[in-house]
Amino acid sequence: MLKVYNTLSRKKEEFKPLVGNTVRMYSCGPTVYNYAHIGNLRTYIFMDILRRTLRYDGYKIKGVMNITDVGHLLSDRDDGEDKMATAAKREQKSPYEIADYYAGVFYTDIDKLNISRPEIIAKATDHINDMIEYVKALVDKGYGYETSDGIYFDISKFKEYGKLSRLNLDEQIAGARVEVNSEKRHPADFALWKKAEPEHIMQWESPWGMGYPGWHIECSTMSKKYLGDVFDIHTGGVDHIPVHHENEIAQSEALEDKKTVDYWMHGEFMLVNNGKMSKSLGNTYRISQLEEMGYTALDFRYFCLNAHYRKKLNFTFDGLDAAKKSYERLLGVLYQHKTSPNSTDEEKLARYKKEFEDAINDDLNIPMALGVLWKMVREEKSKDIYKLALDMDKVFGLSLDKAKAVESDETESDIPDEVTALVNERAEAKKAKNYALADEIRAKISALGYAVTDTKDGVKITKA
């Protein structure tokens, strides 16, 4: 039985599809004005793990991911210029050339990361007429109003505004920027459609003159078009909660007069050296840059799988080095199982399979599931263990079928700093009698390919 954490209810809930055995799922995709960095890509690894787990559990998936190639302004709160237009000026290309190039790089990156593409990928510019009809419907119902620069959603008309981020209307207004549009009824009202200046390079005819859609309307429109008025799961990064997804809920539920998404799921931020990772700070990395440094995309995927999707993940090169070594070690030990003539007791295999399934079905606890895999591969070498590892890899997505003989000059004393830090964290957790956290940290250590044992002489750390 799969349980997932629903951001809307702030608790784990048993997952039940709305209709039959098919899961209808919408995932916020990239704004293709620049390269996706590894922090962005962590969100899509989370999306992929969710999709793989659903498939592993026997569900069919109808998934949609948008490609935002218009409408996303420099601020999520409708301030500044369109990101695509800004990139086009910067690179002296058309917005469509910009979108095609950066979308192509994004697809290359997710393919390298073994992220399966959703069944439908929807570009915003292919759905302008649908968005115009959606905005017209909101205006007709009294939720949209016109100003000199666009059509805005009146959040005061939607009484549940703020229910996803748990912010009330007064807090939303207080948190809005000072330099607000004086024609707005409320500072936090957001754009459904923007009227374009004559020189704006992306604009379409509409009932309100030439213009272009707001960012938030894209997802409401395309999810309704492909998944219906109500669907099962909506995913994205935690940064989308307070603005983008809050606004999506307002638009969609205002139009439909009912809840339109059953489960909202969000992946946490990736930090870098315990600080914010951001293009504006210049501390981001791309997959191609990691490759130039000698890492593979799957080294990075393995690194990401060592943290739960709802926990912040701190990126360091020490941590990536530890993940790379552990992943290589895993491939090496699986090769030994692959080439072994031995077999393993079916009852033992069934226990490992159940432990694995219990982990992935507990809100995608992949670090725990990796711990199960490492515990299993420490058994006597057996081709049956190799086959079960490949079954588990339907969720991990680590290409474990590429298992190969690995030579290593690493000694037992070469314990990575990342592992040592986790051992120290576990000791502190035990000291504070937080045994649940201590067990969680032990699973992370195990997933990195190390075992920690409490002895009378202290803690012993050993390699798998």
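This report walks through some sheets, helices and one loop residue of a predicted model.

## The hairpin at the start

Let's begin with strands β1 and β2. Strand β1 covers residues 3–6 and strand β2 covers residues 11–14; they run antiparallel and are joined by four bridges. If you want one pair to look for, take Lys-3, whose bridge partner in β2 is Glu-14.

Four residues sit between the two strands of this hairpin, and Arg-10 takes a positive phi near 60 degrees there.

## A four-stranded sheet

Next, find the open sheet made of four strands. Reading across, the order is β6-β7-β8-β9, and the pairing is antiparallel. At the edges are β6 (144–147) and β9 (211–213), each of which pairs on one side only. Neighbouring strands here are turned against each other by 25 degrees on average, direction ignored.

Zoom in on β6 and you'll see that four bridges join this strand to β7, residues 150–153. One pairing to spot is Glu-146 with Ile-151, its bridge partner in β7. There's a helix here too: α7 (residues 241–256) lies across β7 and β8 (190–195), and α7 runs at about 85 degrees to β8.

## A three-stranded sheet

Another open sheet has three strands, in the order β13-β12-β14, and this time the pairing is mixed. Strands β13 (275–276) and β14 (313–315) each have a single partner strand, so one side of each is left without a neighbour in the sheet.

Between β12 (residues 270–272) and β14 there are three bridges, and these two strands run parallel. Leu-271 has Asn-314 as its bridge partner in β14. Helix α9 packs on this sheet and touches β12 and β14, with its direction making about 145 degrees with that of β14.

## Helix α12 and its neighbours

Now for a helix that's mostly covered: 10 of the 12 residues in α12 are buried. Among them are Ile-366, Leu-370, Trp-374 and Val-377. What do the buried residues of α12 pack against? Their partners are α1 (38–56), α9 (297–305), α10 (317–338), α11 (346–360), α13 (383–396) and α15 (435–447).

Helix α12 takes in residues 366–377 and reaches 16 Å from its first C-alpha to its last, close to the 16 Å expected at 1.5 Å a residue. Take a look at the start of α12 as well: a side-chain oxygen of Asn-365 comes to within 3.1 Å of the backbone nitrogen of Met-368.

## How α1 meets α13

Two of those partner helices also pack against each other. Two packed helices are described by the angle between their axes and the distance between the axes. For α1 and α13, the angle is about 135 degrees and the axes are 7 Å apart. That's why α1 and α13 are described as oblique to each other.

On the α1 side, the contact is made by Ile-49, Arg-52, Thr-53 and Tyr-56. The α13 side brings Asp-391, Asp-393, Lys-394, Val-395 and Phe-396.

## A loop residue to check

Finally, head for the loop between α11 and α12, where you'll find Asn-361. Is Asn-361 buried or exposed? Its relative accessibility is 10%, and buried means under 20%, so Asn-361 counts as buried.

Which residues does Asn-361 touch, not counting those up to four places away in sequence? The answer is Met-1, Leu-2, Lys-3, Thr-53 and Asp-57. You've already met two of these: Lys-3 is the bridge partner of Glu-14, and Thr-53 belongs to the contact between α1 and α13.

Technical notes. Residues numbered from 1 in each chain as written. Predicted model: local features only at pLDDT ≥ 70, side-chain atom pairs only at ≥ 80, totals over all residues. Heavy atoms only, no water. Pairing = 2+ DSSP bridges. Axes fitted to C-alpha atoms, helices over the stretch in contact; angles between N-to-C directions. Contact = heavy atoms within 4.5 Å. Expected span 1.5 Å × (residues − 1). Buried < 20%, exposed > 50% of the residue type's maximum accessible area, 1.4 Å probe, protein only. Polar contact = N/O pair within 3.5 Å; in protein donor to acceptor, adjacent residues only side chain to side chain. Parallel < 35°, antiparallel > 145°, perpendicular 65-115°, else oblique.
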